[in-house]
Structures are given as C-alpha cells and as structure tokens.
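Student: I would like to work through this model step by step, starting from one helix and moving on to the pockets and the cavity. Could we take the questions one at a time?

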Amino acid sequence: FLGIFGEVNLAELDGEMDPNDFYRALGVPPPKPEAVWIVYEYAGLNTVASYAVPAEIRRSRLPLKRGFFGALKEQDPLPPFQDRANYVINGIMKGSVEALAKLHESGIVHRSIGRSSIVITTPSQDKREASDIYFTRAGGVTIKLSDFGFSCMLEESTSDEEFVARARTFGLSFRKGEDSLTATNFAMAEDLHALGFVFLGLLMSTLAEPRTATSPMPPTDEDT
C-alpha cells in the first residue's frame, strides 16, 4: 500500500496489527471520509516490446550453464515451435484482446497502444516467468495494459479535433463533442487497429526462425 505520505509493506507489520490499520505504520491519522489512497500492484517490467525477439536469438543471449565440475554447457533446446506458437497466440494475443475488451467495456479508450503498453506478467511471485523463452503454458500468463497518458472516456473521444478529422478520412461525420454510437465504435476500432499492428510485429519476430542467432532480421516495428 502506498499512501500520500509514504509506503508500507503489510508483510512487515506486527502480527497482532489489524491490516486495516496500516496507516499507523505511516505515522499519519486514519484516512478521512472520501480520502484518496493509491494502491499499486507490481506486475513486473516485461512487455511485448522486450518479448518480441526471435526465440533463438534470446536463447543465444542467455549465460552458459555449468555442468559437472564446472564445465560450461549450452542452454536447453527451445520448446517445439507448435508449443511456442500456441503460447503467443492463445496466451499473449488472446490475453491482450481480453484486456482491451475489458477496458472498452469499462467505457475507456486507450488511444496509445503499442508494444511497450502491453505488460506480460503472471500471478506467481516471479513476474519474469511468463516472459521466459521456455515458458509455454498459455493459461499461466496474465496480460495487463499500461501507459494510459492519452486515454479518455469513450464518450469524450469526439472532444479531440484530430480524432474527428481522422474519422472524416473514413467517411464518418460527427460534430466535436458529439456522443454517438458511430464515434464510440470508431474510437474502439482505432485501439483494435493499433493492437493489430502489435500482433503483426509480435508474430513476425517471436515466431521467426533465423538460420543462426546472428542472422540479420528485417524490421518488424509498427512504423516499418
């Protein structure tokens, strides 16, 4: 928990202390009615941006393992292609679509979806587990969206003149500030369009199989 005046780890509190009285450890008065407290959940730092690298190249960057008597040995072979593809599609991509759907159902449009705004994490204590090249359990990954600096409520989308101008290029017409189903659908479509480019880059990089770990790779960023 992190409050306005500091932070505290509940695991370090006295065993007899009521967790609801965590404010005592901060040395501050109890929260006042309607007081604002910010609660953070650590989800790790791994995103699609860091994951979108061919598995063989990521494997080549791992430190060598030591066997008997300290002898160096190479890393284990990669999981089968089918297992890795299933994880990317039914784990990361499906989770991304579901996360975006929940956002839209909550009445929020992201407006800035990219590789770095899709966090790959897991419910386990080790948040790096889901980004490991040997991890292929699609049901074990949790996808979270981040970077909400440009987000807004769906009904507020038409307040942005650039949004209205982009809609006109697709033959859509609505006034600035207008709240309509057409505007809402177009706002959600822009998020899905951006997510589609992320998926394209993800598939073309993570599932690529270069001849060697040093083989040149074509650019797979969204702009290219």
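Student: Which residue follows α4, and is its phi positive or negative?

Tutor: Bear in mind throughout that this is a predicted model. The phi of the residue that follows α4 is positive, near 85 degrees. The residue that carries this value, just after the helix, is G107.

Student: How far apart are the end C-alpha atoms of α4, and what span should its residues give?

Tutor: The helix α4 covers residues 81–105. With 25 residues at 1.5 Å a residue, α4 should span 36 Å. The distance between its end C-alpha atoms agrees with that expectation, and the value is 34 Å.

Student: Where in α4 is the kink centred, and how many degrees does it come to?

Tutor: The end-to-end span of α4 agrees with the expected one, yet the helix also has a kink. This kink is centred on K94, and its angle is about 25 degrees.

Student: Which element supplies the largest share of the largest nonpolar core?

Tutor: The core has 24 residues, and those that touch the most other members are V48, Y51, Y87, I92, I118, I120 and L202. At least two residues come from each of α2 (48–51), α4, β6 (118–121), β7 (142–145) and α6 (181–206). The largest share is eight residues, and the element that supplies it is α4.

Student: How many cavities of 30 Å³ or more does the search of the whole structure find, and what is the volume of the largest cavity?

Tutor: The search of the whole structure finds one cavity of 30 Å³ or more. Its lining has 13 residues, and Y51, A55, R84, I133 and T206 are the closest to the centre. The volume of this cavity is about 110 Å³.

Student: Which element gives the most residues to the lining of the largest cavity?

Tutor: By class, that lining divides into eight nonpolar, two polar and three charged residues. Two elements, α3 (55–60) and α4 (81–105), give two or more residues to it. The one that gives the most, with three residues, is α4.

Student: Which element gives the most residues to the lining of the largest pocket?

Tutor: The largest pocket holds about 340 Å³ of space, and among its 14 lining residues R166, E190, D191, H193 and A194 lie nearest the centre. Two or more residues of the lining come from each of α5 and α6. By class, the lining has six nonpolar, two polar and six charged residues. The element that gives the most, with six residues, is α6.

Student: Is R166 buried, partly exposed or exposed?

Tutor: R166 has its place in helix α5, residues 161–168, and is one of the residues nearest the centre of the largest pocket. From R166 to F186 there are 20 residues in sequence and 9.6 Å in space, C-alpha to C-alpha. The relative accessible area of R166 is 32%, which lies between the cut-offs of 20% and 50%, so R166 is partly exposed.

Student: How many charged residues are in the lining of the second largest pocket?

Tutor: About 210 Å³ of space lies in this pocket, which is lined by S50, V53, R58, R61, L62, S131, D132, I133 and Y134. The lining divides by class into four nonpolar residues, two polar residues and a remainder of charged residues, which number three.

Student: Where is R111 found, and what is its phi?

Tutor: R111 lies in the loop between β5 (108–109) and β6, and at 32% relative accessibility R111 counts as partly exposed. R111 is a residue other than glycine, yet its phi is positive, near 70 degrees.

Student: In which loop is D147 found, and what is its phi?

Tutor: D147 is found in the loop between β7 and β8 (152–153). Its relative accessibility is 40%, so D147 counts as partly exposed. Although D147 is not a glycine, its phi is positive, at about 60 degrees.

Student: What percentage of the residues of the protein chain count as buried?

Tutor: The secondary structure of the chain comes to six helices and eight strands, and from the N terminus on the elements run β-β-α-α-α-β-β-α-β-β-β-β-α-α. Of the 224 residues of the chain, the share that counts as buried is 38%.

Conventions: Residues numbered from 1 in each chain as written. Predicted model: local features only at pLDDT ≥ 70, side-chain atom pairs only at ≥ 80, totals over all residues. Heavy atoms only, no water. 1 Å grid on protein atoms, 1.4 Å probe; cavity = no way out; pocket = protein on both sides within 12 Å on 5 of 7 lines; lining within 4 Å. Points joined across faces, edges and corners; volume = space filled by probe spheres on them. Helix = DSSP H or I, 4+ residues; strand = E, 2+ residues; numbered from the N terminus. Nonpolar A, V, L, I, M, F, W, Y, C, P; charged D, E, K, R; others polar. Expected span 1.5 Å × (residues − 1). Bend = angle between axes of the 7 residues up to and from the residue. Core = buried A, V, L, I, M, F, W, Y, C linked by side-chain atoms within 4.5 Å. Buried < 20%, exposed > 50% of the residue type's maximum accessible area, 1.4 Å probe, protein only.
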